[in-house]
Amino acid sequence: MRPSTIPLLLLAVLTFFVGLGRGAITDSDEAFYAEAAREMVESGDWLTPHYNYEARFQKPILYYWLTAATYAVTGAGEASARLWSAASGVGLVLLAAACGRRWFDESIGLVAGGIVATNFGYFAIARMALPDLPLAFLISLAIFAAFIATLDQERRPRRWVLLSALAMGLAFLMKGPVGVILPALVVVPIVLLERHALNLSTADVILGALVFLIVGVPWYAAMWAAHGTAYLESFFVGDNIERFATERFNDARPWWFYLPIIAGGLLPWTPLAVTCWIGPAWQFLTRRRDLGTLDLRLLLWASLPLLFYTVSVGKQPRYVLPVLPPLAVLLAGSLVERTREWRSLDGARVRPRPSGAIVVGGLTSGALLVGLGALLFRAQPLLINVADAFTLGGAAVTALAGVAVMIVALSPAWRATAGALAVAGAVSLVAFQFGALSGSGDDTVQQVARVVRAEGVGHEEVGSYRVFVRNLVFYTGLEQVDLITDEQLTGFLASPNRVVVVLPDQELRRYEAERGTTLRRLASWPYFNESGARLRTLLWPALARDVQTVVLVSNR
């Protein structure tokens with residue numbers, strides 16, 4: 001193991017694994033994967049995913065398999081559900097470091113890995129049971145291995161061809177055609193642009209194709225054999241073509257939709273990226289600077305997937321996760337270039353003068369961390385499942401970390417700004433995890449589930465109405481009826497058998513007033529949906545608006 005790998009692994013473990021099991025499975029897409037994997041183990045059906053005890057055709061199988069296999073060993077739980085997402089974050093750190101080290105030098109690799117380990121975007125997704133970060137890792141691995149095989153004049157390219165094909169096969173099994181489209185979209189134009197003589201034999205290409213087919217295709221064939229064309233049409237047409245080209249899944253979003261997503265995902269490094277890149281970008285636009293071959297390769301690696309998703313209709317924030325590793329290597333190169341010593345003609349070491357780009361960027365990044373600590377402090381009344389001491393401590397640690405970065409940026413040790421920001425980012429992210437996103441006790445959904453499963457309640461049919469529509473089933477292990485309209489709620493409550501429903505208190509009061517009825521209240525809990533929080537929530541927290549009461553009721 002290289003010495004530089006150790007600090008990167010420590011950073012990655014801090015940001016991706018510490019407190020991974022704290023915080024309930026959220027009432028979002030995360031619940032689909034966590035629960036479907038649990039049902040896979042429960043039913044023993046490892047071919048067809050099921051969610052809420054119904055076949056789920058929306059996504060391929062690999063993330064379900066990985067999580068279900070983990071459940072089989074450790075039992076179903078939050079950390080087990082998120083394990084492979086967090087592990088993929090570590091993989092992306094090591095991959096970015098390898099890329100920077102191979103194409104540039106050890107220093108750039110170290111800084112690039114540190115950027116990937118401590119950005120807000122990867123931190124947020126690595127702590128959710130979602131296939132998006134594993135997909136980003138597999139796509140990045142496929143691209144990097146393909147570049148080595150085709151452009152780096154590798155003496156034995158076959159192993160890199162096979163690695164790239166394996167990564168694409170797994171990506172295809174993770175989330176479908178995008179696992180092949182994005183690597184091809186990046187690699188083919190760059191290979192044509194650089195015009196290298198490909199050192200690949202026909203056997204290399206054939207073997208690579210066989211590896212992809214063996215890994216990526218058999219499960220789809222088995223699903224076709226078991227379900228006919230229903231799955232293929234649902235996934236390839238509905239979940240891919242229609243998601244890309246129509247407004248079926250979301251309204252059309254503006255062309256610039258991903259720009260703030262990338263800027264936010266790269267935080268707290270975004271200010272440094274702006275200050276370090278604005279000058280070279282202007283010089284390039286005014287034709288006073290040319291792009292090097294490797295810089296152009298990384299720029300196209302980041303921009304071509306961005307362009308692909310920009311022209312799509314079904315834009316979703318998580319789709320652009322694969323663009324961050326090449327951006328991290330580019331930023332690492334800019335930072336190292338401005339801080340590197342050089343030797344004069346007489347052989348003496350010369351230290352560079354303080355870089356305004358790094359000093360200003362470091363000050364801004366540190367100020368952002370201070371601001372994040374202040375926002376966490378303001379949000380304390382909303383965090384009903386987190387002890388006040390954890391929230392206040394997390395706010396203080398985050399603010400102090402930002403102050404430390406600002407001090408380093410202004411000091412004679414300004415060249416250590418990137419390292420200071422990496423450490424401060426890791427510490428702040430862990431503080432945010434413990435101070436805002438997770439408490440030491442049960443979250444509201446777990447408290448609800450415990451009552452649902454209690455004696456005298458657990459055998460009834462369970463319904464959800466506009467709250468816990470996805471994650472409650474994970475904690476109860478009971479089939480759940482998702483009630484969307486008042487008419488559906490009325491029909492459910494009209495059952496001749498006793499049924500229970502969880503719903504927001506304000507919806508219950510409205511429903512009872514409009515229908516002239518009174519339902520039996522079994523229990524109630526305060527509830528703050530952290531995953532649904534927006535910047536407005538942190539800037540102007542209001543208990544009456546942001547914390548609701550959820551109620552468990554029965555029809556008799």
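The expected span of a helix is 1.5 Å times one less than its number of residues. I wanted that handy before looking at α1, and I'm keeping in mind that this is a predicted model.

**Entry 1: helix α1**

I checked α1, residues 5-16, against that rule. Its 12 residues reach 16 Å from the first C-alpha to the last, close to the 16 Å expected at 1.5 Å a residue. Next I asked which residues of α1 are buried. I got Thr 5, Leu 8, Leu 11, Ala 12, Thr 15 and Phe 16. Looking down the axis of α1, I find these buried residues within an arc of 125°, so they line one face of the helix. Then I looked up what covers them: the cover includes α4 (78-103), α5 (106-117), α6 (120-126) and α19 (417-437).

**Entry 2: the whole chain**

I stepped back and counted elements: the chain has 25 helices and 9 strands. Its radius of gyration is 25 Å, close to the 24 Å from the globule rule for 556 residues, so the chain is as compact as a globular protein of that length. For the box along the principal axes, the C-alpha atoms give me roughly 90 × 55 × 45 Å.

Burial came next, and 51% of the 556 residues count as buried. I also pulled the contacts: among those with a separation of 6 or more, 76% are between residues 24 or more positions apart. As for surface, the chain exposes about 24500 Å², and carbon and sulfur atoms supply 64% of that.

**Entry 3: aromatic pairs**

How many aromatic pairs does the structure hold? The tally is 24. I picked two to look at.

The first is Phe 147 with Trp 301. Their ring centres are 5.8 Å apart and their planes sit at 75°; over 60 degrees counts as edge-to-face, so that is what this pair is. The pair links distant parts of the chain, with Phe 147 in α7 (residues 132-151) and Trp 301 in α15 (residues 293-310), 154 residues apart. Both Phe 147 and Trp 301 are buried.

The second is Tyr 220 with Tyr 231. Here the centres are 6.4 Å apart and the planes are at 35°, so I file the pair as tilted. Tyr 220 lies in α11 (residues 218-227) and Tyr 231 in α12 (residues 229-245), so the pair ties together parts 11 residues apart in sequence. I checked burial for each ring: Tyr 220 is buried at 5% relative accessible area, and Tyr 231 counts as buried at 0%.

Tyr 220 and Tyr 231 also turn up in one aromatic cluster, together with Phe 57, Phe 172, Phe 212, Trp 219, Phe 235 and Phe 236.

**Entry 4: two single residues**

I looked up Val 41, which is in helix α2 (residues 29-43). Is Val 41 buried or partly exposed? Its relative accessible area is 33%, so I put Val 41 down as partly exposed. Leaving aside neighbours within four places in sequence, Val 41 is in contact with Trp 46, Ala 68, Tyr 71 and Ala 72. I also took the C-alpha distance from Val 41 to Thr 70: 9.9 Å, for 29 residues along the chain.

Arg 509 was my last stop, in helix α23 (residues 505-515). Arg 509 is exposed, with a relative accessible area of 54%. From its C-alpha to that of Ile 125 I get 36 Å, the two being 384 residues apart along the chain.

Note on methods. Residues numbered from 1 in each chain as written. Predicted model: local features only at pLDDT ≥ 70, side-chain atom pairs only at ≥ 80, totals over all residues. Heavy atoms only, no water. Helix = DSSP H or I, 4+ residues; strand = E, 2+ residues; numbered from the N terminus. Buried < 20%, exposed > 50% of the residue type's maximum accessible area, 1.4 Å probe, protein only. Arc of directions from axis to C-beta. Contact = heavy atoms within 4.5 Å. Rg over C-alpha atoms; globule rule 2.2 N^0.38 Å. Areas by Shrake-Rupley, 256 points an atom, 1.4 Å probe, with all protein chains shown as cover. Phe/Tyr/Trp six-rings, centres within 6.5 Å; stacked < 30°, edge-to-face > 60°.
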